[in-house]
Amino acid sequence: MSFGCLEEKLLNNIGINLDFPNRGVMMSKTFEIFKQVMEDGRKSLLETEAKAVCMEYGIPVTKFKLAKTQDEAVEFADQIGYPVVLKIVSQDIIHKSDVGGVLVGVEHAKDVRNGYDEILKNVKKHDPKAKISGILVQEMAPQGTEVIVGAIKDPQFGPAVMFGLGGIFVEVLKDVTFRVAPITEDEACEMISEVKAYPLLKGYRNTPPADIEAIARILLHTSRLVTDHQEIKELDLNPIMVYKKGAKTVDARIILE
Ligand code: ADP
Ligand code: MG
């Protein structure tokens, strides 16, 4: 076992405050969102819903607003600030980029208008019957070190939290680590430091070191979320951009039992 992260914790005197003074409110607001999903006969949360749940639990996400018209999309892009990302929001589309449902780096109002129509066209071509909630306008997160935080519910052990670095590290190398929830601060640090790709988080070439405390916080808050809500079957924050200071979840998926 590597204690790199623990060493850092001691050096930097990181003490993550794990008290959730508003836990009752967090839980009931989250349950309201889940109730709506269940009442609709769905299992999968829309990105807007999953990110709203993340926000309740103090997990940082990109700013977003759901547009129902082109004009609204432009208005929201102005409010959020360019460049923006446009995404399809549909209960029938799980993998948005596979169907041409994601446009990143949209720089101007006219591109928001064109992008809005383009996404709808792509999605309709793929699935003419897809029920569309709107187009999500969101803040474009600058490139950072990409990590993935996930959770699954094991029939025997209950919820477990997963951590890995984004892209090939998880998808090809399966360089991931799991802990049964709820996890402690030390376990969050162990998880981060025990993946093989850990040295990359400490910075290399032109990439600055990533904010390990921000990752530990996200792991702990995810652990709290899946412990409080055993109705969560799967959770996937993929990717999370991690910066020198802070982190931002770019895409969030939650599936209920
Ligand atoms: P999906 O996984 O459903 O295909 P994502 O929301 O993950 O869709 O978007 C696909 C990719 O686009 C992401 O992996 C990320 O690289 C990029 N991306 C999406 N949203 C943003 C954003 N807000 N800021 C920066 N990049 C983004
Ligand atoms: Mg994704």
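**Close-up 1. A salt bridge between R179 and E194.** In this predicted model, the side chains of R179 and E194 come together in a salt bridge, with N and O 2.9 Å apart. R179 belongs to strand β7 and E194 to helix α7 (residues 185-194), so the pair ties together parts that are 15 residues apart in sequence. R179 counts as buried because its relative accessible area is 17%, and buried means under 20%. E194 has 31% relative accessibility and therefore counts as partly exposed.

**Close-up 2. E47 and K96, a salt bridge linking distant parts of the chain.** Here the side chains of E47 and K96 meet, with 3.3 Å from N to O. E47 sits in helix α3 (residues 47-56), while K96 is found in the loop between β2 (84-90) and β3 (102-106); the two are 49 residues apart. Are these partners buried or exposed? E47 is buried, at 5% relative accessibility, and K96 is buried too, with a relative accessible area of 10%. The structure holds 17 salt bridges, and those that share partners join E47, K51, K87, K96, D251 and R253 into one network.

**Close-up 3. The surroundings of ligand 1.** Let's turn to the ligand: 18 residues surround ligand 1, and the closest are K87, S97, Q138, E139 and A141. Which atoms of K87 and D251 should you look for? An N or O atom in the side chain of K87 lies 2.7 Å from an oxygen atom of ligand 1. For D251, a side-chain N or O atom is 2.9 Å from an oxygen atom of the ligand. A141 takes part through its backbone: one of its polar backbone atoms is 2.8 Å from a nitrogen atom of ligand 1. On its own, ligand 1 has 540 Å² of accessible area, and the protein covers 82% of it. K87 and D251 also appear in the salt-bridge network described for the previous view.

**Close-up 4. A salt bridge between K110 and D111.** The closest N and O atoms of this pair are 3.5 Å apart. K110 is exposed, at 55% relative accessibility, whereas D111 is partly exposed, with a relative accessible area of 25%.

**Close-up 5. A nonpolar patch on the surface.** Which residues make this patch? I168, V172 and L173 form it, and its area is about 310 Å². L173 is located in the loop between α6 (168-171) and β7 (176-180). With 53% relative accessibility, L173 counts as exposed, because the cut-off for that label is over 50%.

Technical notes. Residues are numbered from 1 along each chain as its sequence is written. Chains are lettered from A and ligands numbered from 1 in the order in which they are written. This is a predicted model: local features need pLDDT of at least 70, side-chain atom pairs count only at pLDDT 80 or more; totals for chains, interfaces and linings use all residues. Side-chain values use heavy atoms; hydrogens and water are left out. Patches are made of residues with over 30% relative accessible area and no salt bridge: like charges are joined within 9 Å, nonpolar side chains (Val, Leu, Ile, Met, Phe, Trp, Tyr) within 5 Å. Accessible areas come from the Shrake-Rupley method with a 1.4 Å probe; for residues, only the protein chains shown count as cover. A salt bridge is a side-chain nitrogen of Lys or Arg within 4 Å of a carboxyl oxygen of Asp or Glu. Helices (H or I, at least four residues) and strands (E, at least two) are DSSP runs, numbered from the N terminus. Buried means under 20% relative accessible area, exposed over 50%, partly exposed in between (1.4 Å probe, protein chains only). A residue is near a molecule or strand if one of its heavy atoms lies within 4 Å of it. A polar contact is a pair of N or O atoms within 3.5 Å; within protein, one must be able to donate a hydrogen and the other to accept it, and residues adjacent in sequence count only if both atoms are side-chain atoms.
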